[in-house]
Amino acid sequence: MTEHTETILDANAVERTLRRMAGEIVEANGGTDNLIIVGIQRRGVQLADRIVALINASDGVTVPRGALDITLYRDDLQTIGPRPVVGATDIPGAIDGSTVVIVDDVLFTGRTIRAALDELADFGRPARIELAVLIDRGGRELPIQPDVVGRKVEARPGDRVDVLVEDLDGRSAVVLVSKRFE
Amino acid sequence: MTAAAPLGKDLLGLEPLSGEQITLILDTAEPFKEISERAIKKVPTLRGSTVVNLFFENSTRTRVSFEFAEKRLSADTVNVAASASSVSKGETLVDTARNLEAMRIDMVVMRHPSSGAAAFLAERIESNVINAGDGTHEHPTQGLLDLLTLRDHFNKIEGLRVCICGDVLHSRVARSNIWGLRKLGAEVAVCGPRSLLPSAIDEMGVTVFSRIEDAIEWSDALNVLRLQLERMTSGYIPSLREYNRYFGVTRERLERAPRDVLILHPGPMNRGVEIDSDVADGPHSVILPQVTNGVAVRMAVLYLLSGGRPEMAEAAKTGKSGGAA
């Protein structure tokens, strides 16, 4: 069995995709008023930072950016055990009445987003919560759908979709890793 | 990316842990600090877990701190105090714990007057055991919160000079501090009247000061221990007044130090005995941040000891029980 690696988006394609996503977020909300962009640890935070920078470049407004670590809201602690590294959660100011856009790298089963929705509810009652993901790879186990999608990818259950970001991985790309019997 | 039981089943002391494990607990405590600052101070992490706080000795702050930590993680908690329990009717420790376990508990947080009681219990029950102080042996979560408070202030532990002052002989806090600090690379000293230092203290790899002035001059931080008046049945010190005169941490003594010395105290304080009020309430005191950190560190320990039972995943798959997955 060998690992087969295929680049889905290179650095330029990631940049173009994020720019389109940033535009769609602003367009869907009729501007940037009351908007808060919240990235899910860890790579969702990096992507949220870039979306905030792209909105700033196009609209001249700095949208507040938050971070959410959903580790403590997972539903598999009893079976899998504690994740050793819990990241920081940082929600900028009150979210009551605002539009929160959750940003994550890959949408798969939807369980991470379920946990993120539960965690956000502990911080207040936004008027609206939207979901923006760079990659939607299908395979949902919960009734959760994204509002803004960078790219849809057909991935089989055993495949891995890796989103690489500058700060953590040294380069920006999206890679599909599949195991194949040759 | 997952590792079941990164600390093993129990937290009995800091002596059995590696420096990496201690650092993991401190790192895990960081995000837990934020939870206590939220409007809704609660995460669902330990929902459905039952924790028993089994206290064979009086304690308010440690018990309350554990209880807050458990409740902010959504665990169900029960407090059992020895005086009110069947222990006073002659039941053994193991029988008490096994009876609690028969009611399907997940963790026991225990304080006990005998050194080694936590280890004794941990070998005999399946639940996770957290030592909340056993005799004069260890009080690991106090050691951890002291380490976290030092790290918050100095951004490191390695190379720090920390002196533990006062009643080291009766102090499990001192022992947990010495183990924890040394494993993370700090230099450790103790200072106190010889009658209140263990006879084999030199073997723990610490410097011994017999004058508090020398200790203050050497130190980056002082951990001032409580004079455990209730454990002193006879003649360790001539009088409290004399103790304060020779070993009390006073503003005058600190002002003569070559640098600002951080002041820690595990509480409860005997003001005017081991520590003066203007030191305890002074600008270099981190006594209240210690208390705040206590909750975060205990949440981290509860989290790191919990879960990780693959057999529950199997049971959930075959529909035999309502597993969490």
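A residue is called buried here if 20 or more other C-beta atoms lie within 10 Å of its own, exposed if 12 or fewer, and partly exposed in between, with C-beta atoms placed from the backbone. By that yardstick strand S5 of chain B is mostly covered, with four of its five residues buried. Helices (H or I, at least four residues) and strands (E, at least two) are DSSP runs, numbered from the N terminus.

Some housekeeping: this is a predicted model, in which local features need pLDDT of at least 70 and side-chain atom pairs count only at pLDDT 80 or more, while totals for chains, interfaces and linings use all residues. Residues are numbered from 1 along each chain as its sequence is written, and chains are lettered from A and ligands numbered from 1 in the order in which they are written.

**The five-stranded sheet of chain B**

S5(B) sits in an open sheet of five strands, ordered S7-S6-S5-S8-S9, with parallel pairing; two strands pair if DSSP finds at least two bridges between them. S7 (207-209) and S9 (262-264) of chain B each have a single partner strand, so one side of each has no neighbour in the sheet. From one strand to the next, the twist averages 25°.

Helix H5(B) packs on this sheet, touching S5, S8 (221-224) and S9 of chain B, and its direction makes about 160° with that of S9(B). Contact means C-beta atoms, placed from the backbone, within 7 Å. Axes are lines fitted to C-alpha atoms, for helices over the stretch in contact, and angles run from 0 to 180 degrees between N-to-C directions.

H5(B) covers residues 140-154, and at 1.5 Å a residue its 15 residues should span 21 Å, which agrees with the 21 Å between its end C-alpha atoms. The expected span is 1.5 Å times one less than the number of residues. Twelve of the 15 residues are buried, so H5(B) is largely enclosed by the rest of the structure; among them are Leu144(B), Asp146(B) and Arg151(B). Just after the helix comes Asn155(B), with a positive phi near 65°.

**The four-stranded sheet of chain B**

Another open sheet has four strands in the order S2-S1-S3-S4, again paired parallel. Its edges are S2 (76-81) and S4 (128-134) of chain B, each with a single partner strand, so one side of each is left free of a neighbour in the sheet. Here the twist averages 15° from one strand to the next.

Helix H2(B), residues 61-72, packs on the sheet and touches S1, S2, S3 and S4 of chain B; its direction makes about 180° with that of S1(B). In the loop between S1 and H2 of chain B you'll find Ser59(B). With 16 C-beta neighbours inside 10 Å, Ser59(B) counts as partly exposed. Its C-alpha atom is 9.6 Å from that of Ala81(B), 22 residues away along the chain.

Here are two strand pairs, one from each sheet:

| Parallel pair | Residues | Bridges |
|---|---|---|
| S5(B) and S6(B) | 161-165 and 187-191 | five |
| S1(B) and S3(B) | 50-55 and 107-112 | five |

In S6(B), Ala189(B) stands opposite Cys163(B) and Cys191(B) opposite Cys165(B). In S3(B), Val109(B) stands opposite Asn53(B).

**A helix pair in chain A**

Over in chain A, H1 (residues 11-28) and H2 (residues 43-59) pack at about 70°, with their axes 9 Å apart. That makes H1(A) roughly perpendicular to H2(A) (angles under 35 degrees count as roughly parallel, over 145 as roughly antiparallel, 65 to 115 as roughly perpendicular and the rest as oblique). Residues making the contact include Leu18(A) and Ala22(A) of H1(A), and Leu47(A) and Ile51(A) of H2(A).

Conventions:
Two residues are in contact if their C-beta atoms, placed from the backbone, lie within 7 Å.
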